[in-house]
2 protein chains.
Amino acid sequence: MISTRGRYAIRVLLDLAEHNTGAFIPLKDIAERQDISKKYLEIIVKDMVAGGLIVGASGKGGGYRLVRPPEEYTIGAVLELMEGSLATVACLMDGAAPCPRAGECETLPLWAEYDRLTHDFFYGKTLGDLLKKG
Amino acid sequence: MISTRGRYAIRVLLDLAEHNTGAFIPLKDIAERQDISKKYLEIIVKDMVAGGLIVGASGKGGGYRLVRPPEEYTIGAVLELMEGSLATVACLMDGAAPCPRAGECETLPLWAEYDRLTHDFFYGKTLGDLLKKG
DNA sequence: TAAATTACCTATTGACATAGTAGGTAAATA
DNA sequence: TATTTACCTACTATGTCAATAGGTAATTTA
């Protein structure tokens with residue numbers, strides 16, 4: 001299941017895109033609009049900054065801002081950053097130890113196919129696509 | 001992420017299908033072949049019996065058996081039983097409290113679409129499909 | 001009828017993730 | 001200098017996951 005980390009991150013990005021005036025947007029405003037605990041969002045946006053999704057500026061007039069146009073943010077990349085991985089089973093995770101049964105495993109192709117489906121779906125959507133629907 | 005409960009359940013069903021002679025198959029044999037703790041499998045097959053996927057028989061000559069031909073087991077139904085839900089986000093879970101933001105939520109359509117994709121994928125596959133590949 | 005085999009039952013555990021909260025410091029602006 | 005804002009470390013309650021432990025009940029075979 002996709003956790004709040006990934007889901008809130010996308011909502012933050014959408015909020016930044018929709019209120020983009022060129023100026024920095026304070027997290028307080030985002031938290032109020034999105035009705036999410038500001039303290040919890042702090043943890044999430046910190047990782048978003050570290051991952052290069054947004055930039056932050058301290059002090060009065062500070063806040064956060066997108067670094068690219070919305071069309072250049074794929075949902076897949078955002079989720080992968082925030083959730084650690086987009087993998088749907090443990091044996092297909094990025095740094096997972098290779099399963100000794102992989103060669104004979106009759107279920108692996110199923111998970112691999114679903115993984116591909118998931119990957120293609122989320123990398124085929126951008127922040128811009130979500131905006132159009134709003 | 002799909003947990004061992006769902007993944008092991010499918011492997012148990014596959015094992016039962018492949019070694020089906022009409023007789024009951026002891027869990028001990030399945031656990032050895034699949035290299036999964038028998039004690040842990042006990043918990044899993046218990047739920048599979050409760051969910052009507054298989055039947056068990058006690059005593060010597062006992063074990064477990066499928067109740068239908070493999071083609072009539074959809075992977076979706078198995079996973080839904082074992083994982084509790086196939087939902088990919090909390091707000092789309094079966095008994096979830098309705099989200100007060102659902103009407104205005106810009107991300108909900110994304111999750112709903114992915115949910116549909118997931119549902120269709122797993123309900124479109126049966127145990128029989130996995131056997132053919134082996 | 002006794003022994004063996006098997007399912008079936010309740011309870012417990014260690015490790016980890018999730019979704020936060022609490023209380024600060026540093027930086028920038030007016 | 002006061003205010004605003006990001007940024008930092010630490011803590012916590014709750015729950016899930018993946019088992020393990022130690023039994024009882026049912027059934028067959030010798």
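1. DNA strand C first: 25 residues surround it, with Ser3(A), Ser37(A), Gly59(A), Leu27(B) and Gly56(B) the closest. "Near" here is a C-beta atom, placed from the backbone, within 6 Å of the strand. Keep in mind that this is a predicted model, where local features need pLDDT of at least 70, side-chain atom pairs count only at pLDDT 80 or more, and totals for chains, interfaces and linings use all residues. Residues are numbered from 1 along each chain as its sequence is written, and chains are lettered from A in the order in which they are written.

2. On the surface near DNA strand C, chain A gives two or more residues from each of α1 (4-18) and α3 (38-50), while chain B does so from α2 (27-34), α3 (38-50), β1 (54-57) and β2 (63-66). (Helices are DSSP runs of H or I, at least four residues; strands are runs of E, at least two.) That surface splits into seven nonpolar, 11 polar and seven charged residues, with Gly counted as polar.

3. Now the contact between the protein chains: 22 residues come from chain B and 22 residues from chain A, taking C-beta atoms, placed from the backbone, within 7 Å as contact. On the chain B side, α5(B) supplies the largest share, five residues. By class, that side has 14 nonpolar, three polar and five charged residues.

4. Symmetry: a turn of 180 degrees with a shift of 0.0 Å along the axis lays chain B on chain A at an RMSD of 0.0 Å (least squares on C-alpha atoms of residues with pLDDT of at least 70 in both). That is the relation of a two-fold axis. Met1(B) comes closest to the rotation axis of the residues of chain B, at 3.0 Å (C-alpha).

Methods:
Two residues are in contact if their C-beta atoms, placed from the backbone, lie within 7 Å.
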